[in-house]
Structure formats: structure tokens, C-alpha cells
Amino acid sequence: MADYQVSNRKELCEERKVLRTFGTAAEAVLWTVLKAKRLDGWRWRRQFSIGGYILDFYCPKAKLCVELDGASHFTPYGLEADAARTEYLNQLGIRVLRFENRVLKESPELVIGAIKDALNEISCKNGSLDEISLL
């Protein structure tokens, strides 16, 4: 991958902007917790691309991705696409946390707690590359 840019590729720039501008309500709620190093001092990126994928939230230092999933993710195509995305990211050493929008709305403390737990595991070098899911 010498000359191949993996993160924030130029051809995805406009799509990233649109996703940031017209994000979901769940993304807006979680971003208020993650932005400006508000969550235990970790820096997060919103709508950050890696390869051909745009991640909802990404912490580069921890190599941790947080995805918020709506109804389209629970179709056969959506489940297959999410599995391929997770496999690709895991191959790059990126851990994926996946939450249903409804869970964030109903129990934000569970989502924030799971993210904090993952960050603690990663900072202790005990984390695995498994996908964590609260769906």
C-alpha cells in the first residue's frame, strides 16, 4: 500500500461533508459526548474514511470505530455489508463497536459505558479486534 491513501481519500470528501451536515439525530447526540476530547481525553473524528468506508466515529490513537446503525443495517444486504466492513477494518487493526440508534436513544449510559470500556481495554493492550454489538 505504498502510494495508496487509506484514510480520508479525496474522492470521498464530498460524501463525508454531506454525512456530517445531514447526520442522524443519534449521531448528533453521540458527537456531543465525543467531540473536543470530552470522553476521557480521547480525540475522535466524525465521518472519517478508511479505505472505501466512511466511519461514523473514529479514534485514531485507539484504532477504535463506533458505528450507529439504523433500519437499513438490518436488511440482508445491510448485515452483509456491515460484516465486510468490520472484517476489513479488523484486518487493519481497527476495533469496531456497533450500536443500534434505538439503544443510544433509550440507554445512552450503556453506549457510553461500552465505549469507555473498550478504550480502557485498548489502553491496557488487552483489547481484541472483535466487533461489539448492542443491537
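Modeller: Helices (H or I, at least four residues) and strands (E, at least two) are DSSP runs, numbered from the N terminus. What we discuss is a predicted model, in which local features need pLDDT of at least 70 and side-chain atom pairs count only at pLDDT 80 or more, while totals for chains, interfaces and linings use all residues. Residues are numbered from 1 along each chain as its sequence is written, and side-chain values use heavy atoms, with hydrogens and water left out.

Biologist: How far does helix 3 reach from its first C-alpha to its last?

Modeller: Helix 3 covers residues 76-91, which makes 16 residues. The expected span of a helix is 1.5 Å times one less than its number of residues, and for helix 3 this gives 22 Å. The reach in the model is close to that expectation, at 23 Å.

Biologist: Within what arc do the buried residues of helix 3 fall, seen down its axis?

Modeller: Here buried means under 20% relative accessible area, exposed means over 50%, and partly exposed lies in between (1.4 Å probe, protein chains only). By that rule Gly78, Asp82, Arg85, Thr86, Leu89 and Asn90 are buried in helix 3. Taking the directions from the helix axis to the C-beta atoms, these buried residues line one face of the helix, because they fall within an arc of 130°.

Biologist: Which residues are exposed on the other side of helix 3, and which strands help to cover its buried residues?

Modeller: The exposed residues on that other side are Pro76, Tyr77, Glu80, Glu87 and Gln91. As for the cover, contact means heavy atoms within 4.5 Å. What covers the buried residues includes strand 1 (45-50), strand 2 (53-59), strand 3 (64-69) and strand 4 (95-100).

Biologist: How many of the residues of strand 2 are buried?

Modeller: Strand 2 has partners in two strands, and two strands are said to pair if DSSP finds at least two bridges between them. Strand 1 and strand 2 run antiparallel and are joined by 5 bridges, whereas strand 2 and strand 3, also antiparallel, pair over 3 bridges. Strand 2 is largely enclosed by the rest of the structure, because the buried share of its 7 residues is 6.

Biologist: Which residue takes a positive phi in the hairpin of strand 1 and strand 2, and which one does so in the turn between strand 2 and strand 3?

Modeller: The hairpin of strand 1 and strand 2 has 2 residues between the strands, and there the positive phi, near 60°, belongs to Gly51. Strand 2 and strand 3 form a hairpin with 4 residues between them, and the residue in the turn with a positive phi of about 50° is Lys63.

Biologist: How many disulfides does a search of the whole structure find?

Modeller: Two cysteines to look at are Cys59, which is buried with a relative accessible area of 0%, and Cys65, which is buried with a relative accessible area of 0% as well. A disulfide is a pair of cysteine sulfur atoms within 2.5 Å. The number found in the whole structure is 0.

Biologist: Which residue meets Arg85 in a salt bridge?

Modeller: A salt bridge is a side-chain nitrogen of Lys or Arg within 4 Å of a carboxyl oxygen of Asp or Glu. The side chains of Arg85 and Glu67 meet in this way (3.5 Å, N to O). Arg85 lies in helix 3 and its partner in strand 3, so the pair ties together parts that are 18 residues apart in sequence. Arg85 is buried, and so is its partner, Glu67.

Biologist: Where does Arg95 lie, and how far apart in the chain are Arg95 and Glu121?

Modeller: The side chains of Glu121 and Arg95 meet in a salt bridge (2.9 Å, N to O). Glu121 is partly exposed, with a relative accessible area of 32%, whereas Arg95 counts as buried at 4%. The pair links distant parts of the chain, with Glu121 in helix 5 (residues 108-123) and Arg95 in strand 4, at a separation of 26 residues.

Biologist: What is the N to O value for the salt bridge of Glu106 and Arg102?

Modeller: Both residues lie in helix 4 (residues 101-106), 4 residues apart, about one turn of the helix. Glu106 is exposed, with a relative accessible area of 53%, while Arg102 is partly exposed at 40%. Their side chains meet at 3.1 Å.

Biologist: Which residues do salt bridges that share partners join into one network?

Modeller: The whole structure holds 6 salt bridges. Those that share partners make one network out of Asp69, Asp82 and Arg98.
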